[in-house]
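Visitor: I have a protein on my screen and would like to talk it through with someone. Could you walk me around it?

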Amino acid sequence: MTAESAVETLSHPAPDTARDLVERAIERGAMVTLFGPCTVEYQGRAASSLGLGDRHVTLKPDGTALVHTDEGQQPVNWQPPGCDHSVTVADESLVILSERTTPDEELEIAFETVAHAAAFDVSDPEELAVTGTEADLKDRILETPDLVESGFTPLATERETPAGAVDIYGEDAAGRTVVVELKRRRVGPDAVGQLNRYVDALRRDLHAETEVRGILVAPSVTDRARQLLAEKGLEFVSLAPP
């Protein structure tokens, strides 16, 4: 390991050597990854047992433990942040223990052999910034209502109706009530049905003579959705999140 790389790696280490690496990493708050044939035992709110198999294990400095196989994106077993990690050697096997007390849970991973072990001093101060959401699309319209149509005036967001909350509730240039349903990606008939339920609910909720328009805002719609919009007297505006 060097000060620049802050990484330790071992290939096919002896159990004691792998234990020393993991101990050092836990002590200094580093991230650990281990790969090799292992068994996994869990005791806590339930109990589970995994026989011997090749698995990739990650121990994070926040107390998270993850056990992955070669299939799927989810770990086959895990412990949440806040757990305490420890490592021992027993019967020539490297044993990882991840424990917490609220509630009482214990994950024990016993490596028959360790094919690869690594420790990383991780520095990642950035937070994930998600863009292109429906909230971004809503903000875009609230800042520039004419993107929906000229003269559109937003009056409320998340306005409750008997059918659910309307994304944007407003009026058009003629003073007619407008319900705007937002979707961040190409949509089908389900989105049209959702908008239609909001329009019907507001028609029942407001004065009988009140005209309610429904506008679906999304990057695009399927042919069937476009057909349903026409059948139900609803409208579509093509607009994507920024």
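Visitor: Of the contacts in the protein with a separation of 6 or more, what percentage do residues 24 or more positions apart account for?
Guide: Happy to help, and please keep in mind that this is a predicted model. The contacts counted here are those between residues with a separation of 6 or more. Within that set, the share from residues 24 or more positions apart is 53%.

Visitor: What is the radius of gyration of the protein, set against a compact globule of 242 residues?
Guide: Let's begin with the outline: the C-alpha trace spans about 80 × 40 × 35 Å along its principal axes. A compact globule of 242 residues would have a radius of gyration near 18 Å. The protein, however, has 28 Å.

Visitor: How many helices and strands does the secondary structure come to, and what percentage of the residues count as buried?
Guide: The secondary structure comes to four helices and 14 strands. As for burial, the protein has 242 residues, and the part of them that counts as buried is 39%.

Visitor: Which strand gives the largest share of the largest nonpolar core?
Guide: That core has 23 residues, and V22, L34, L94, I96, I109 and F111 are those with the most contacts inside it. Several elements each supply at least two of its residues, including helix 1 (15-28), strand 7 (93-101) and strand 8 (104-111). The largest share is five residues, and they come from strand 2.

Visitor: Which residues does V22 contact, leaving aside its neighbours within four places in sequence?
Guide: V22 is one of the residues with the most contacts inside the core. With those sequence neighbours set aside, its partners are V32, L34, L59, V87 and I96.

Visitor: How many residues are in the other core, which lies apart from this one?
Guide: Among its members are V166, Y169, Y198 and L216. The ring of Y169 also has the charged end of R159 sitting over it, 4.5 Å from the ring centre. The number of residues in that other core is 18.

Visitor: Is N77 buried or exposed?
Guide: N77 lies in strand 5 (residues 77-79). Its relative accessibility is 10%, and buried means under 20%, so N77 counts as buried.

Visitor: Which side chain makes a polar contact with the side chain of N77?
Guide: Beyond its neighbours within four places in sequence, N77 is in contact with V40, Y42, S48, A65, L66, V67 and L107. The polar contact between side chains is at 3.1 Å, and the partner is S48.

Methods
Residues numbered from 1 in each chain as written. Predicted model: local features only at pLDDT ≥ 70, side-chain atom pairs only at ≥ 80, totals over all residues. Heavy atoms only, no water. Core = buried A, V, L, I, M, F, W, Y, C linked by side-chain atoms within 4.5 Å. Buried < 20%, exposed > 50% of the residue type's maximum accessible area, 1.4 Å probe, protein only. Contact = heavy atoms within 4.5 Å. Polar contact = N/O pair within 3.5 Å; in protein donor to acceptor, adjacent residues only side chain to side chain. Lys NZ or Arg CZ within 6 Å of the ring centre and 35° of its normal. Rg over C-alpha atoms; globule rule 2.2 N^0.38 Å.
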